[in-house]
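Grab a pencil and work through a few exercises on a protein model. Try each task yourself before you read its solution.

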Amino acid sequence: MPLGGRGFVTVGAAVACCALAAACTPEPVPNSTPSTNPTATTPTESQIERQMRLDYEAAERAYRANMAEQDRLYKTGGTTKPTAALEATATGSYLRITLESLRDVRRLGWHSIGDAKIVGIVRDRGWKRGRVGLTSCENNEIVKFVDKSGRDVTPKGPALYVQALTVIRERGRWKVSTATTRKVKTFEGQPCGA
Amino acid sequence: MRRLRNMAALGLLAGLVIALGGHTASAEEPNVTCTRTRSCTVTAEKPAKPPHPNADGQQRNHNSAGSQRAKNAQKRFAAALAVYDRQLARYKRCLRASRNAAACGRAPESPWLGGDSFSGPGNRPITAGQAAAIAVARLQLPSIAPGIGPSPDLNRWNMAAVGYPLWLWADGRTRVGPISDSVGGLSVSLDAKVSSLTFRMGDGHSVTCPGVGQQWTTTVEPGAKSPSCGYSYTKPSLPNGSYTVAAIANWAVTWTSNGQSGVINVPAVDTTELPVGELQVLVR
C-alpha cells in the first residue's frame, strides 16, 4: 500500500477514533437549538451502512468474476480482444494491463493450467460512493503455463501477490480499476492472509 | 443513544472516506501491477480529484507529516538503490567474466518502492538522470527464457543432435513500454527493448546475436540454419547430463525526462537445460 495511503488511513482511523471518543462523552444540547433532521437531507446511519455493505459486496463480486474470467481466458490460450465478461468487470489500467498480458499469452501460443486462488479479501482501503478499496491475497503459484508442445514455460518469480484494488462503479457496473501489486513470500501477517 | 450511534457511525464513515481520499491522492505515484504471467507494469495515473484542504489545519499537518515521510522514503530508497546498483554492477561483472552465466544467479531485484512518495515540501529536487535511474529500477524487466528450436521434445530421443543447426531466439516479451512514470515531480518516459541476446551454450561457447532472433517453427525446412541467430553443437552432453543454456537479454531502456534523454542497459538472464546427443546412421 502506498505510504501516503497509510498515512491517510492513520488520519482516517484517528478521526474515527476521535469521533467515537466524542460519542462516549455526550455534550448537553440546549433545547433551544433548532433541531434539524439529518435524515431529511442525508442518509441515515443504517442506510449508509447498508450502502457500504452492498457496494463492498458488489465490488468483491466484480473482482471474483474478473478473476474467474481471467482463469478461463488464460486456460484457453489468451485473447486479443476484451471479452464482454472482462469489460463488464474491469476498466482503466487494470483492464489494459490484463489484456496486454492475455495478448502476450496468445502471441506466444501458451495456455495456463490451474486457477489462481483468492486466499482472502479485506475491506480495508476505504469507501465512498461509487468507489471502494479492497486488499486481496492472490496465490498464483498454482498457475502454470505451457507452450504448444506442452513444455512448462511458467515464468520464474514470486507468485504470491497482495493486491491493493480500487473498484469503481461505471455505468451501473462495478469494475476493478487499478491494482497495486506487492509480491510477498508468504501471506502470513498480511491483512488478507488466511 | 441514537445520537451516540450516529456520531460513531459518522466518525467511522469519515475515517473510511479519508482513507480512500488518501488512496486517491497517492495514486499520483506510479503503481506496479503484476499479472499471472508474473510480468509487471508500472503505471502512473493522475488522481481523479486533488485532495481538499480543510479548515481545521488537518491538511497542513498532513503536509508536514507527509513531507517528513517523503524524506524518510527518499532516504530509504536512496540506500536501497545504492545496494541495487552495487548488486547490478557485480552481476554484470560476473556475466562478463563467467563462462557459465547460470553461476551468476538471477539478476538483482530492483528496490521495491511501494507507494512511497518522493514529493513534498522542502524536498531537494532531483535531476532528470536520477529520476530516470529510479524509474528504471522500478521497472521490473522480465528475464527471457532461451528459445531453442527444434525442441528436443519433438523427436523420439528427446534430445538435440550434434551438428544439427539449432535456432535461437528470445522466448518471451522483448519490449516493455513505452510507459510514463513520475519521480519526485519529474515525468519520465521509458521504453525498454531487448537490443541483443547472448547465449551461453553450456559447452564453453557463446553466441551473441543482434535483435531477438527468429523463432523456429514446424514450417522450417529440416536442417535449415537460422537467418539471424543459431548454433550447432560439436560435442554431446549425453550421457553426462544436459547443457545449461543461458540467455542473457540485454535490455536497453531509453529514458526521456525534462528535455534530456539517455539509455540505461540492464541485463536479464534465464536458463534452460538442453540434452545434446549424437545420432549415428548405419550405412550398409
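The exercises below go from confidence to chains, strands, a core and two single residues.

This is a predicted model, in which local features need pLDDT of at least 70 and side-chain atom pairs count only at pLDDT 80 or more, while totals for chains, interfaces and linings use all residues. Residues are numbered from 1 along each chain as its sequence is written, and chains are lettered from A and ligands numbered from 1 in the order in which they are written.

**Exercise 1. Work out which parts of chain B the predictor trusts least.**

Step 1: Start with the score, pLDDT, which is the predictor's confidence in each residue, from 0 to 100. Chain B averages 71, and 64% of its residues score at least 70.

Step 2: Go down to the elements. Helices (H or I, at least four residues) and strands (E, at least two) are DSSP runs, numbered from the N terminus. Among the elements of chain B, helix H1 (residues 2-26) has the lowest mean pLDDT, 37, and S9(B) has the highest, 94.

Step 3: Look for low stretches. Residues 1-30 of chain B stay under 50 in pLDDT, and residues 112-124 of chain B are below 50 too.

Step 4: Finish with the scores for the model, which are ipTM 0.75 and pTM 0.42.

**Exercise 2. Put the two chains side by side.**

Step 1: Count elements. Chain A has five helices and seven strands, and chain B has three helices and 12 strands. Along the sequence, chain A reads α-α-α-α-α-β-β-β-β-β-β-β.

Step 2: Check burial. A residue is buried if 20 or more other C-beta atoms lie within 10 Å of its own, exposed if 12 or fewer, and partly exposed in between, with C-beta atoms placed from the backbone. Of the 194 residues in chain A, 35% are buried; for the 284 residues of chain B, the share is 39%.

Step 3: Check contacts. Two residues are in contact if their C-beta atoms, placed from the backbone, lie within 7 Å. Take the contacts between residues at least 6 apart in sequence: 65% of those in chain A join residues at least 24 apart, and in chain B that figure is 73%.

**Exercise 3. Follow the strand pairing around S10(B).**

Step 1: Get the rule straight. Two strands pair if DSSP finds at least two bridges between them.

Step 2: Take one partner. S7 (residues 186-200) and S10 (residues 243-257) of chain B pair antiparallel over 12 bridges. Here B:Ala192 has B:Val253 in S10(B) as its bridge partner.

Step 3: Take another partner. S10(B) runs antiparallel to S11 (residues 260-274) of chain B, joined by 15 bridges. B:Val253 is bridged to B:Ile264 in S11(B).

Step 4: Check the turn. S10(B) and S11(B) make a hairpin with two residues between them, and B:Asn258 in the turn has a positive phi of about 50 degrees.

**Exercise 4. Find the edge strands of the open sheet S3-S5-S9 in chain B.**

Step 1: Note the pairing: this sheet of three strands is antiparallel.

Step 2: Count partners. S3 (145-149) and S9 (230-231) of chain B each have a single partner strand, so they stand at the edges with one side lacking a neighbour in the sheet.

Step 3: Zoom in on a pair. Five bridges link S3(B) with S5 (residues 166-171) of chain B, and B:Gly147 sits opposite B:Trp169.

**Exercise 5. Describe the largest nonpolar core.**

Step 1: Know what counts. A nonpolar core is a set of buried Ala, Val, Leu, Ile, Met, Phe, Trp, Tyr and Cys residues joined through C-beta atoms within 7 Å.

Step 2: Find its best-connected members. Of its 56 residues, B:Ala135, B:Val136, B:Leu197 and B:Ala247 touch the most other members. S10(B) gives the largest share, nine residues.

Step 3: Look at B:Val136. Beyond four places in sequence, its contacts include B:Leu190, B:Val253 and B:Ile264.

Step 4: Look at the helix. Eight of the 11 residues in H3(B) are buried, including B:Ala135 and B:Val136.

**Exercise 6. Are B:Ser98 and A:Thr186 exposed or partly exposed?**

Step 1: Count around B:Ser98. With 13 other C-beta atoms within 10 Å, B:Ser98 is partly exposed. Its place is the loop between H2 (58-97) and H3 (128-138) of chain B.

Step 2: Count around A:Thr186. This residue has 8 C-beta neighbours inside 10 Å, so A:Thr186 is exposed. A:Thr186 lies in the segment after S7 (173-184) of chain A.
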